[in-house]
Amino acid sequence: MKEAGKRLLIKKVIIGGSYDEDLYQELGITLLKCIRLFVV
């Protein structure tokens, strides 16, 4: 994943000051699925 995408995901998975690894993985998988299905 691009560095900018990683930073955005990390920003979104910090909840209440703590990093949620499970949420990071789930969002990463969902993002990759969306990218793969995106039609240009």
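V39 sits in the segment after helix 2. In this predicted model, V39 is exposed, because its relative accessible area comes to 70%, and the cut-off for exposed is over 50%. V39 and S18 are 21 residues apart along the sequence, and their C-alpha atoms are 35 Å apart in space.

Stepping back to the whole chain, the secondary structure adds up to 2 helices and 2 strands. Going along the sequence, these elements come in the order α-β-β-α. The C-alpha trace covers about 35 × 20 × 10 Å along its principal axes. Of the 40 residues in the chain, 10% are buried.

Now to how the helices meet. Two packed helices are described by the angle between their axes and by the distance between those axes. Here helix 1, which takes in residues 3–13, packs with helix 2, residues 21–37, at an angle of about 135 degrees, and the two axes are 9 Å apart. That angle makes helix 1 oblique to helix 2, since anything over 145 degrees would be needed to count as roughly antiparallel. As for handedness, helix 1 and helix 2 cross in a right-handed way.

Which residues do the meeting? On the helix 1 side they are K6, L9, I10, K12 and V13, and on the helix 2 side they are L23, Y24, L27, G28 and L31. Sorted by class, this contact of helix 1 with helix 2 involves 7 nonpolar residues, 1 polar residue and 2 charged ones.

One of the residues on the helix 1 side deserves a closer look. I10 lies in helix 1 and touches Y19 as well as Y24, leaving aside residues up to four places away in sequence. Is I10 buried, exposed or partly exposed? I10 is partly exposed, because its relative accessible area is 35%, and that falls between the 20% and 50% cut-offs. I10 and K33 are 23 residues apart in sequence, with 18 Å between their C-alpha atoms.

The two tyrosines touched by I10, Y19 and Y24, also have something going on with each other. A pair of aromatic rings is described by the distance between the centres and the angle between the planes. A search through the whole structure turns up 1 aromatic pair. That pair is Y19 with Y24, with 6.1 Å from centre to centre and 40 degrees between the planes, and it is tilted. The tilted label applies because 40 degrees is neither under 30, as for stacked rings, nor over 60, as for edge-to-face ones.

How do Y19 and Y24 compare in exposure? Y19 is partly exposed, with 41% relative accessible area. Y24, on the other hand, is buried, because its value is 17% and buried means under 20%. Y24 is also among the helix 2 residues that meet helix 1, so this buried tyrosine takes part in both the helix contact and the aromatic pair.

Last comes I14, which has its place in strand 1, residues 14–15. I14 counts as partly exposed, because its relative accessibility is 42%. Between I14 and E26 there are 14 Å in space, C-alpha to C-alpha, and the two are 12 residues apart in sequence.

Note on methods
Residues numbered from 1 in each chain as written. Predicted model: local features only at pLDDT ≥ 70, side-chain atom pairs only at ≥ 80, totals over all residues. Heavy atoms only, no water. Axes fitted to C-alpha atoms, helices over the stretch in contact; angles between N-to-C directions. Helix = DSSP H or I, 4+ residues; strand = E, 2+ residues; numbered from the N terminus. Parallel < 35°, antiparallel > 145°, perpendicular 65-115°, else oblique. Left-handed = near helix turned anticlockwise from the far one by under 90°. Contact = heavy atoms within 4.5 Å. Nonpolar A, V, L, I, M, F, W, Y, C, P; charged D, E, K, R; others polar. Phe/Tyr/Trp six-rings, centres within 6.5 Å; stacked < 30°, edge-to-face > 60°. Buried < 20%, exposed > 50% of the residue type's maximum accessible area, 1.4 Å probe, protein only.
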